[in-house]
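This report describes selected features of one predicted model. It takes up helix packing and chain interfaces, followed by electrostatic pairs and backbone geometry.

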There are 4 protein chains.
Amino acid sequence: MSYDCIVIGGGVNGGSIAYSLAKRGKKVLLLEKDRVVSKASKAAAGMLAAGGEFVEDGPLFQLARKSRAMFPEVAQELRELSGIDIELINKGMYKIAFSEDDEADLKRIIEFQKQEGEKVDWISAKQLRVQEPRLSSAITGAMYLPSDGHVSAPNLAFAFLKSAAKLGVDIKEFIEVYSVIMENGIATGVMTTEGAYFSNQVILAGGAWSSKVLADTNIRLDTYPVKGECFSVTSHQQLLTSTIFSHGCYLVPKSGGRIIVGATEKANTFSQSVSFNGISGLMEKAKRILPAIVEAEWEMAWAGIRPQTSDGLPYLGEHPKHKNLFVATGHYRNGILLAPITGELIADLIEERQMMLDIASFSIERHVKQPV
Amino acid sequence: MSYDCIVIGGGVNGGSIAYSLAKRGKKVLLLEKDRVVSKASKAAAGMLAAGGEFVEDGPLFQLARKSRAMFPEVAQELRELSGIDIELINKGMYKIAFSEDDEADLKRIIEFQKQEGEKVDWISAKQLRVQEPRLSSAITGAMYLPSDGHVSAPNLAFAFLKSAAKLGVDIKEFIEVYSVIMENGIATGVMTTEGAYFSNQVILAGGAWSSKVLADTNIRLDTYPVKGECFSVTSHQQLLTSTIFSHGCYLVPKSGGRIIVGATEKANTFSQSVSFNGISGLMEKAKRILPAIVEAEWEMAWAGIRPQTSDGLPYLGEHPKHKNLFVATGHYRNGILLAPITGELIADLIEERQMMLDIASFSIERHVKQPV
Amino acid sequence: MSYDCIVIGGGVNGGSIAYSLAKRGKKVLLLEKDRVVSKASKAAAGMLAAGGEFVEDGPLFQLARKSRAMFPEVAQELRELSGIDIELINKGMYKIAFSEDDEADLKRIIEFQKQEGEKVDWISAKQLRVQEPRLSSAITGAMYLPSDGHVSAPNLAFAFLKSAAKLGVDIKEFIEVYSVIMENGIATGVMTTEGAYFSNQVILAGGAWSSKVLADTNIRLDTYPVKGECFSVTSHQQLLTSTIFSHGCYLVPKSGGRIIVGATEKANTFSQSVSFNGISGLMEKAKRILPAIVEAEWEMAWAGIRPQTSDGLPYLGEHPKHKNLFVATGHYRNGILLAPITGELIADLIEERQMMLDIASFSIERHVKQPV
Amino acid sequence: MSYDCIVIGGGVNGGSIAYSLAKRGKKVLLLEKDRVVSKASKAAAGMLAAGGEFVEDGPLFQLARKSRAMFPEVAQELRELSGIDIELINKGMYKIAFSEDDEADLKRIIEFQKQEGEKVDWISAKQLRVQEPRLSSAITGAMYLPSDGHVSAPNLAFAFLKSAAKLGVDIKEFIEVYSVIMENGIATGVMTTEGAYFSNQVILAGGAWSSKVLADTNIRLDTYPVKGECFSVTSHQQLLTSTIFSHGCYLVPKSGGRIIVGATEKANTFSQSVSFNGISGLMEKAKRILPAIVEAEWEMAWAGIRPQTSDGLPYLGEHPKHKNLFVATGHYRNGILLAPITGELIADLIEERQMMLDIASFSIERHVKQPV
């Protein structure tokens, strides 16, 4: 059987791409080397921090804002097709300050974001405690981002995949892609642990594992894995209603009184183990922000591996040397936020449609290296 | 601290009662002897089979229809308060026939239900396979119940409880009620593993464990536990879109390509173990209905303990001898379906409001026995 | 069917009693309200700290030493009958000092224990680090207890139960005992969620849940539950070889590079939830003792509910008012250590044999209260 | 850091090889792409069926017998070093007959095995039911293999690995080997997801994933994956004491009343999912052999991926073209049984010692293919 498109990777971006392609009538095969939604998409806290993550303007900030705006419609579509609620919450986010230096930093960011038309403002410690009375009294104020929110990351990934399946996408798990099959420099399929599959286009969306697939193409993506550790607590009482963001620690209140606390950053490892040290450090930070968290019930700890790039920008585009080979990876901490627009952009590229924004900054060739 | 009401039981009906009372401004304490949503409410397949479960008219059929009609509004309310989607699906249900005898039975039920104003009709095997092409060709037709549907049972239970908590209900887990405290024949609180709690009213919603709490009150509820075993499979392909109901076996398609197959019935045991025999028998029945299920992926098996009564009707009402002691149990296979109306009826009783339907048939005194 | 003996409780002591009785030819029924080995016996770290736990002489110290001496033979017997290895390790234990005050305290204990014939000695910080080079350099020395060790607590409990089953004991799970049936003040059986069972003797070994069973007997045991929280880490490297004991924190190295860290103490709750605070506090203490633990991998956290008494001594004996009703509970932190001797003592009592030590100090009547 | 040897694969054979090398003083690094003991070694039922698996003489039969003989000593060594009991049971095995044809087949095997000095005999149905009274009365007799037994497969794998770690082996998880580094045709290290590691020898023991590592070496191993599905049940009663073997189904009684039933065979897939069909078929076969199994409690189902070769013989030896590259894979259903001898043989090869048996039949070159 031949396919229009083969998508490599069963995470949130592979799922979004397969879904966008299927909506446009493509016959798609999605291949995942393990189980779908078993890596970074399962581990993410699901923040939609288009405002919260960026301290200066640039193409990624604009990409993030555009993707964030797509969520309400995506949530409805996916709920109808798959029955899965992505748990979209748009109650805003606070980046908190503990000192005058923090305040000065945040106020600079507020200025830049306001110029870009982002709804964002400074609020006093007093106003903050009206909203979130359990927060530490040591907090001196916060940047308030009313447009940011969060979703359930695993639900979003499953909803894309199951909606894609409903539209006819073939999903095959436990199939690892060794290499992309090339004919005259054009991608025509993939070689896998279960033999060859052929298609008109190949899209690589394997997260931190993407560069490995390209090892044989004489091209190396400049990405590296960054482990992030998280833990969660639960409470029948409402300890928090909005996402709180601080240096090296965020608290995301999920449905049913659950709070996810994340995330450490450890570069250059694919290990999904959780360290004593990682958890211990996060717990200290969380207590400093929300002292009442000590009353909550411990739930569990986990880790995910996110793909980072040397300039912090994702790769979105066609391979510079191999026609019909597309790459979508390097989303780092923004994989959930960027998933909706990633699917649409890749589908636009494949259909050679007008793009909704310029993606030259995310091109593959910007870092292409010869293999060692 | 004193409460208006104490609810005993952290399942779907305890949660619904606590939620209804909290909406009316009551200060409520909910006590659960284990974890909330750990017994029958966690195990249920979540069918809303007001039409599907009843073969003749009676008060329970009317109660079930009224409760079913409440779900769309309940789903929205709970989603807003708790962030939890109860996964309400209203795609209808089919009760299938394998023989002329089955057909005759189903057609008699159709007649009775039509008279009651239920939308229900016979459809041919050919029509059925248009809707559900994977069903067995041995099926000769089906009763179609377009108004029946299903929800996620654990989600519904959690959504009631977490919404109740948001409205101020205190939820305490791992506290077992030994007995109801009586003063002059009036319930004034409960004696528990962690001491006494006092309130104006006590509501017993402990499912199959309810009768034990009343052991000291010289009253014995005529209920008994019935174990139901289930299993689930998953598939990226859509094997089924509607609930299918047959003799001793139902298949409920849940979000994300999951199918729950249930349920055995074993009376007079509280054991939550799953037997080889139970699973083996259900698998045979499921294969007969949906041969394609053999391609699906095995997920897991589990069991729940449901409270049954000798006449098959639940207990809903005030205790005949002990004022301010209310009972809501005996829902058997309809605990999920009846949860919304159970909460409202108990709240109406406590507030001495006009009831939305006559509940005399569900009275506690109909079976009261002296203790052995 | 009638039994010689009914044992209430499927934990380590219920298992040991059933096993001892079965070895003596008794026909035994063991009843457990949940699953066997699901409470304190599953949660325990398994220390055999006959020397480590006691700071002064007394009947419990002698009981503990006698029970500890039984382990090598018990381990072999249970391995043969059940195939389960209890993972008995006899590498000794260290009670560590961080200050001169600590040292003085420990040296007093050493004196008393030496008088009792216990092999125990003070070792310097330097000697300690030869044995355990990863321990903190802030440790100033330790009391060394070469005779103490540890076992796998769940393995020991399962091994007793499965060996008992092999010798003919009937084990029934998910059956809760409401009350003991008395005829003319003599125990003749139990009333349960699944009806009555009859026997010549009834033995109550229900851990923290024991007092509830006696509520109807006009007798109340003076026990209360104490929650203990633990966590575990794993490492491919050997971070520790001996058990380390300090104020409010112990580290027990288990098979395969696992270390269990315990345990908090929270009285008067049956809640098996783990608190953020409990874990956070234990982690700080563990880091202070073994700084290298920060490199280990986080595994999980859990809690168990142990039965404590007001004078810290267990209850072992026949009920003062009800003949043929025997009680074995209140073992608090020594439930694993005392299990072998508990089984033998109860069996001796039932057979009216000569006891291997005087158990008057553990008698039931010492605290008997009239019910409230 | 440089190593003497790098072992690729954290399963039972990788663990055994690392352990044997460490015992001989080698500095070893073991790399595992996922978690150790997460694939076939975790899934296996642990039969030691040197007699039971072979119907004709050959080098594999002799290899299996020699390895089987090593278990008692291995069990003791590993228990001492790692604290892990491998649960070695030597109660024999029965290959059962349901017909005269079965009997004739088994009696032919008995003849051949007796000639080889194997203790093996025919026993009548009547004798069999004395030993195993719960077996089906349709069984007409059995081949009795008193020397065969079983171990806990995951325990054996963990015990090898943890004992190896204790002897100084570095174990690193979540590191995938891309390729073997060659200098002038000699293996000098491996290229991995976390960079290069160097050593004097490289040993490939990656089970079904081994051939992938060699993709770049212009050599392809003639192996293919075969999925095996299993399930387990538990019982407090002893339903079975010996391993029972029949066409396409075996029942292995494990410690504590657990029975593992296995195994299906599905070639050419790496999928670890369990199919409805696989489980359903095994349940039917198990019921036919041991009707009483229907009373047991369902525990769980799982699958493992075993490496098979076209002639059914494993690969054990040095790579024909690349010096210092050793291969140990293709053990198929005998991976647990052959682990002890595999470790010793590979260590002998590396040390250029006299081998304890001729391994020419297992040479790598017998099937070497040029890459496609």
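## Helix packing between chains A and C

Helix α8 (residues 276-289) of chain A and helix α8 (residues 276-289) of chain C cross at roughly 125°, and their axes come within 11 Å. At that angle α8(A) is therefore oblique to α8(C). The crossing in which α8(A) passes α8(C) is left-handed.

On the side of α8(A), the contact is made by F276(A), I279(A), S280(A), M283(A), E284(A) and K287(A). From α8(C) come F276(C), I279(C), S280(C), M283(C), E284(C) and K287(C). Sorted by character, the residues of this contact comprise six nonpolar, two polar and four charged.

## The interface of chains A and C

Between them, chain A and chain C bury about 1,600 Å², of which 68% is on carbon and sulfur atoms. Within the area that chain A buries against chain C, 46% is supplied by F276(A), M283(A) and W298(A), more than by any other three residues. Two of the residues just named, F276(A) and M283(A), also belong to the contact of α8(A) with α8(C).

Each chain is represented in the contact by a set of residues: 18 from chain A and 18 from chain C. Although charged residues take part in the contact of α8(A) with α8(C), the rule finds zero salt bridges across the interface of chain A and chain C.

## The interface of chains B and D

For chain B and chain D, the buried area is about 1,600 Å², with 68% of it on carbon and sulfur atoms. In chain B, the residues that lose the most area to chain D are F276(B), M283(B) and W298(B), which together account for 45% of what that side buries.

The contact draws 18 residues from chain B and 18 residues from chain D. Across the interface of these two chains, the rule finds zero salt bridges.

## Helix packing within chain C

Within chain C, helix α3 (residues 59-82) packs against helix α6 (residues 153-166) at an angle of about 55°, and the axes are 9 Å apart. This angle makes α3(C) oblique to α6(C). The crossing of α3(C) and α6(C) is left-handed.

Helix α3(C) contributes F71(C), V74(C), L78(C), L81(C) and S82(C) to the contact, while α6(C) contributes L156(C), A159(C), F160(C), K162(C), S163(C) and K166(C). Seven of the residues in the contact of α3(C) with α6(C) are nonpolar, two are polar and two are charged.

## Salt bridges

Over all chains, the structure holds 89 salt bridges. One salt bridge joins the side chains of E118(A) and R68(A), with an N to O distance of 2.7 Å. E118(A) lies in the loop between α4 (100-115) and β5 (121-124) of chain A, and R68(A) lies in helix α3 (residues 59-82) of chain A, so the pair ties together parts that are 50 residues apart in sequence.

## Backbone geometry

In chain A, the peptide bond from G262(A) to A263(A) is cis, with omega near -15°. A263(A) is placed in the loop between β15 (258-262) and β16 (266-267) of chain A. In chain C, a cis peptide bond joins G262(C) and A263(C), and omega is about -15°. The location of A263(C) is the loop between β15 (258-262) and β16 (266-267) of chain C.

F174(C), a residue other than glycine, has a positive phi, near 60°. F174(C) is situated in the loop between β8 (170-172) and β9 (177-183) of chain C.

Note on methods. Residues are numbered from 1 along each chain as its sequence is written. Chains are lettered from A and ligands numbered from 1 in the order in which they are written. This is a predicted model: local features need pLDDT of at least 70, side-chain atom pairs count only at pLDDT 80 or more; totals for chains, interfaces and linings use all residues. Side-chain values use heavy atoms; hydrogens and water are left out. Axes are lines fitted to C-alpha atoms, for helices over the stretch in contact, and angles run from 0 to 180 degrees between N-to-C directions. Helices (H or I, at least four residues) and strands (E, at least two) are DSSP runs, numbered from the N terminus. Angles under 35 degrees count as roughly parallel, over 145 as roughly antiparallel, 65 to 115 as roughly perpendicular and the rest as oblique. A crossing is left-handed if the near helix is turned anticlockwise from the far one by less than a right angle, and right-handed if clockwise. Contact means heavy atoms within 4.5 Å. Ala, Val, Leu, Ile, Met, Phe, Trp, Tyr, Cys and Pro count as nonpolar, Asp, Glu, Lys and Arg as charged, and the others, Gly among them, as polar. Buried area is the accessible area (1.4 Å probe) that two parts lose on being put together, summed over both. A salt bridge is a side-chain nitrogen of Lys or Arg within 4 Å of a carboxyl oxygen of Asp or Glu.
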